[in-house]
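Colleague: I am new to this structure and would love a close look at a single part of it. Could you walk me through one helix and then show me how it sits among the rest?

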Amino acid sequence: RTTRTNVVAGPASTVPNSATPIMTDPRVPVTVLTGFLGSGKTTLLNHILTSDTHKMRFAIIENEFGEVGVDEKILSEETNEEVIEVMNGCICCTVRGDLVEALKRLHAKVSQFDGVIIETTGLADPAPVAQTFFVDDTIKSLYVLDSIITVVDAKHIRERLADERPEGVENEAVEQVAFADRILLNKVDLATADDIVDIRGKLKEINPAASIVECEHARVDPNTLINLRAFDLRRVLEMDSEFLNTDGEHQHDPSILSTSTSFEGELNVNALQEWVGEIIQEYGANLYRYKGVLAVKGMEQKFVFQGVGMLFSGNFVGVKWKKGEKRECRFVFIGKNIDKEALIHGFMTCKAKELRFKVGDKVEARVGGTNTDPEYVAGTIIRLWDEGNPYRIELVNGTNVWGPEDHDGFVRGAAAAS
């Protein structure tokens with residue numbers, strides 16, 4: 001496992017907020033941001049970091065369940081927060097010691113920020129994370145646990161709460177709701193009014209004390225999430241009398257796997273989208289979370305893709321690759337009973353390869369028809385890697401079309417005509 005420190009650019013304020021109310025407790029407040037895979041935690045964190053309403057500066061501790069980090073690349077580059085990634089393991093168990101060390105290192109820079117936000121992996125039980133602030137004497141003297149904020153996905157949360165686990169294995173989604181001080185019911189636009197009523201009822205059954213805030217795209221006022229002083233140890237001990245027992249160990253469902261990889265270079269985004277379409281048909285709801293940050297051949301902007309189950313989105317963000325910055329592609333997939341090697345192989349097949357044709361070559365471009373009876377029109381290659389497409393082709397009638405992938409299904413040599 002590795003722990004990596006990165007600084008990503010530009011806050012609403014570059015100094016601690018002098019307008020923040022003075023608390024009697026001198027310790028640094030910590031907010032734990034949790035929620036199952038794909039619920040919207042990183043989107044929420046981006047909103048907090050780019051908001052100009054709270055005038056605060058935060059140290060961020062990122063945890064990802066895999067060897068290749070993606071969230072740090074997705075976090076806005078328009079912030080100037082300190083970001084520490086605690087990698088390749090769940091923060092509630094295998095890399096919990098790294099969390100303690102990261103907090104100790106951060107305290108040396110306490111004058112530079114107003115608080116700490118810990119974003120856990122979606123497979124983390126928040127209890128051991130919260131426990132850290134009560135059982136480690138050094139951490140207890142330096143930090144105070146302000147609140148646990150749990151983000152839930154209105155589209156998928158009922159499935160996740162109902163997931164059956166092997167004996168002795170906790171359902172992380174249930175634990176995340178149970179320990180929440182505030183629940184953000186995200187993606188309400190993807191659920192009906194009746195669904196929302198039913199979901200709120202299920203959440204209240206698990207945690208009647210937590211307030212529930214409905215939102216879309218994780219957009220909420222950051223001031224309703226920070227400096228809450230909401231974590232109540234007495235309530236937690238009433239719910240879980242073994243909360244302060246450090247002997248127990250969190251167990252993950254062994255059928256839930258993570259695979260990730262990265263490579264220096266660029267890929268064909270059209271090939272990627274076709275491949276993602278195939279795997280979501282294959283795995284469906286068993287794909288708990290997938291995301292990546294990519295360098296696309298022919299484009300200056302970074303491409304971010306992410307999805308949950310059958311819901312997939314990918315687009316070019318407003319951030320360009322900097323001059324001298326290593327252009328690379330990285331992804332992570334987390335799901336139940338996934339084929340790790342097949343996923344890595346599929347991703348690698350999307351790499352941009354040397355093209356078969358050059359500018360000026362006569363070709364035929366597919367413009368319609370069916371798979372059994374495709375329609376091709378003659379044309380000439382006039383540009384390579386145009387807006388992410390391998391070929392721009394001028395047809396004999398003067399129309400310009402793109403060849404999105406470099407194979408005969410889209411573009412074939414003129415001699416291939418029958």
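Modeller: Happy to help; here is one helix, followed by the salt bridges and a few surface details.

This is a predicted model, in which local features need pLDDT of at least 70, side-chain atom pairs count only at pLDDT 80 or more, and totals for chains, interfaces and linings use all residues. Residues are numbered from 1 along each chain as its sequence is written, and side-chain values use heavy atoms, with hydrogens and water left out.

Let us start with the whole chain. The protein chain has eleven helices and 18 strands; helices (H or I, at least four residues) and strands (E, at least two) are DSSP runs, numbered from the N terminus. Of its 418 residues, 52% are buried. Buried means under 20% relative accessible area, exposed means over 50%, and partly exposed is in between, with a 1.4 Å probe and protein chains only. Among contacts (heavy atoms within 4.5 Å) between residues at least 6 apart in sequence, 73% join residues at least 24 apart.

Now to the helix, α11, which covers residues 340–348. Its residues Leu-343, Gly-346 and Phe-347 are buried. Viewed down the axis of α11, the buried residues fall within an arc of 100°, so they line one face of the helix. That arc is taken from the directions from the helix axis to the C-beta atoms. What lies over this buried side? The cover includes β9 (256–264), α10 (269–283), β10 (287–295) and β13 (328–336). On the face of α11 turned away from the buried side you will find the exposed residues Glu-341 and His-345. The N-terminal end of α11 is capped by Asp-339, which has a side-chain oxygen 3.3 Å from the backbone nitrogen of Glu-341. For a polar contact, a pair of N or O atoms must be within 3.5 Å; within protein, one must be able to donate a hydrogen and the other to accept it, and residues adjacent in sequence count only if both atoms are side-chain atoms.

Next, the charged pairs. The structure holds 22 salt bridges, each a side-chain nitrogen of Lys or Arg within 4 Å of a carboxyl oxygen of Asp or Glu. One of them joins Glu-328 to Lys-326, with the closest N and O atoms 3.8 Å apart. Glu-328 is buried, because its relative accessible area is 9%, while Lys-326, at 46%, is partly exposed. Another salt bridge ties Glu-364 to Arg-412, where the closest N and O atoms are 2.9 Å apart. This pair links distant parts of the chain, since Glu-364 is in strand β14 (residues 362–369) and Arg-412 is in strand β18 (residues 411–413), 48 residues apart. Both Glu-364 and Arg-412 are buried. Arg-392 and Asp-386 also form a salt bridge, with 2.9 Å between the closest N and O atoms. Here Arg-392 counts as partly exposed at 22% relative accessibility, whereas Asp-386 counts as buried at 5%. In addition, Arg-158, Asp-195, Asp-198 and Lys-202 are linked in a network of salt bridges.

Lastly, a strand residue. Val-319 is found in strand β12 (residues 311–320) and is partly exposed, with a relative accessible area of 24%. Val-319 and Lys-302 are 17 residues apart in sequence, and their C-alpha atoms are 6.0 Å apart in space.
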